[in-house]
Amino acid sequence: MSASLILLIIFGISLGVILLVNQQTDKVENEKNSQTSNSDRTTHSTPKEPAAKTQKELLHSMIESMSLEEKVGQLFLARVPVEGQIESIQTNHLGGYLLFGRDVEMETPETLKEKIAAYQAASKVPLFIASDEEGGTVSRLSLGANLVPKPFQSPQEIYRESGLAGIRKDVQQKAAIFHEYGIQGGLFPDADVATDPEAFIYERTLGLDAQKTSEYIKETVTELKQQKIASTLKHFPGYGNNRDSHVEIVYDSRSIEELRSNDFLPFQAGIAAGADSVLVSHTIVTSIDEAMPASISKPVHDLLRNELGFQGVIMTDDMDMAGLANFISQEEAGLAALQAGNDMILSSSFQEQIPFVVQAIKQGTYTEEAVDQSVYRVLKMKMDLGVIDQK
């Protein structure tokens, strides 16, 4: 075989190998391009949905859309006025209505549902509707005509008859009735430790020591949370065996050590269980603040926030009670309560107090940032209860 023929054969083999390699490379590239193209088509055909807003984002968005007057109004849980009930909601942008005996005693189940529904329909932001329903001597619905199957029993009666299981059942039964009427809060449980039957607050408490009271509070708050009804621990820092601040200014001389080792324990149990709100009394607790009623005392509220770690809604007791009304004017009291650290004010004088607070903010004696923090807590409670939709 000649040298020329050998060279020709080698050249042919080399050329064949090169062509085969090129074909394989082209095939791989084509497959990659096809996959990329398919991926692009998939991406373009099914665009991603925008991420749902978190509760925090929704709440901040709501607050940003509200006027100053609307925000201040949210901080008032108002006693239902005798006249102009719908107009008061709309004019004052109220956060909620608190039902008293006069609001229910002439109602039937149907008319009460209709009345509360009318309140809600009139409000731009859903209202927090509450009624004092501790049971026993404090129950508004029990005063009405067939509003409840039978009057709500006191915690002491229930506990004596059936212990904590009875307490849980009572909460479940109350919650079903509340939901039927459109009520979101019963302003209970009473976390006061009172062991003297002669004490003003005794009948409204469990009537037992701090440990048993703490167990009762934990069970009640846990069941209320399960039932989507607001829990309210009261009356911080603890009434004990003191006199009645409904009718006079009351001084509590117990030491802070005694309060920490006894009266704070049920509140701590309730906070740990996830309490929605804490109601502050009008008693002057001298070991914390010797000058101011607890409801308008910044040291009391600082203690509740910082030492006990409560981050929910703090509210005042009824501002009309003599323990506060004899101490400060109603017009000034609303602002003083907010400056102390409250988020909601239980008020009959909201028509005077709301403009006073708005004016204070405009004059720089109170800040809109502080209002926003309180509004956030109030709206969060409403959203947690399902009053405001989270969407």
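**A three-stranded sheet and a buried glutamate**

Let me start with one pair of residues: L279 has M315 in β10 as its bridge partner. I should say at once that what we are looking at is a predicted model, and I will work outwards from that pair.

The strand on the other side of this pairing is β8, residues 277–280, which pairs with β10 in the parallel sense over four bridges, and further along, V280 stands opposite T316 in β10. Turning to β6, we find that it runs parallel to β8 and is joined to it by four bridges, with T232 standing opposite S277 in β8.

Taken together, these strands form an open sheet of three, in the order β6-β8-β10, with parallel pairing. Because β6, residues 232–236, and β10, residues 313–316, each have a single partner strand, they stand at the edges, and one side of each is left without a neighbour in the sheet. From one strand to the next, the twist averages 25 degrees. Helix α9, residues 256–272, packs on the sheet, where it touches β6 and β8, and its direction makes about 160 degrees with that of β6.

As for side chains, those of a regular strand alternate between the two faces of the sheet. In β8, S277 and L279 point one way while V278 and V280 point the other way, and all are buried.

Finally, I would like to turn to E134, which lies in strand β4, residues 133–135. E134 counts as buried because its relative accessibility is 3%, which falls under the 20% cut-off. Leaving aside residues up to four places away in sequence, E134 touches Q153, P155, K174, G186, L187, F188, D190, R204 and K234.

Note on methods:
Residues are numbered from 1 along each chain as its sequence is written. This is a predicted model: local features need pLDDT of at least 70, side-chain atom pairs count only at pLDDT 80 or more; totals for chains, interfaces and linings use all residues. Side-chain values use heavy atoms; hydrogens and water are left out. Helices (H or I, at least four residues) and strands (E, at least two) are DSSP runs, numbered from the N terminus. Buried means under 20% relative accessible area, exposed over 50%, partly exposed in between (1.4 Å probe, protein chains only). Contact means heavy atoms within 4.5 Å. Two strands pair if DSSP finds at least two bridges between them. Axes are lines fitted to C-alpha atoms, for helices over the stretch in contact, and angles run from 0 to 180 degrees between N-to-C directions.
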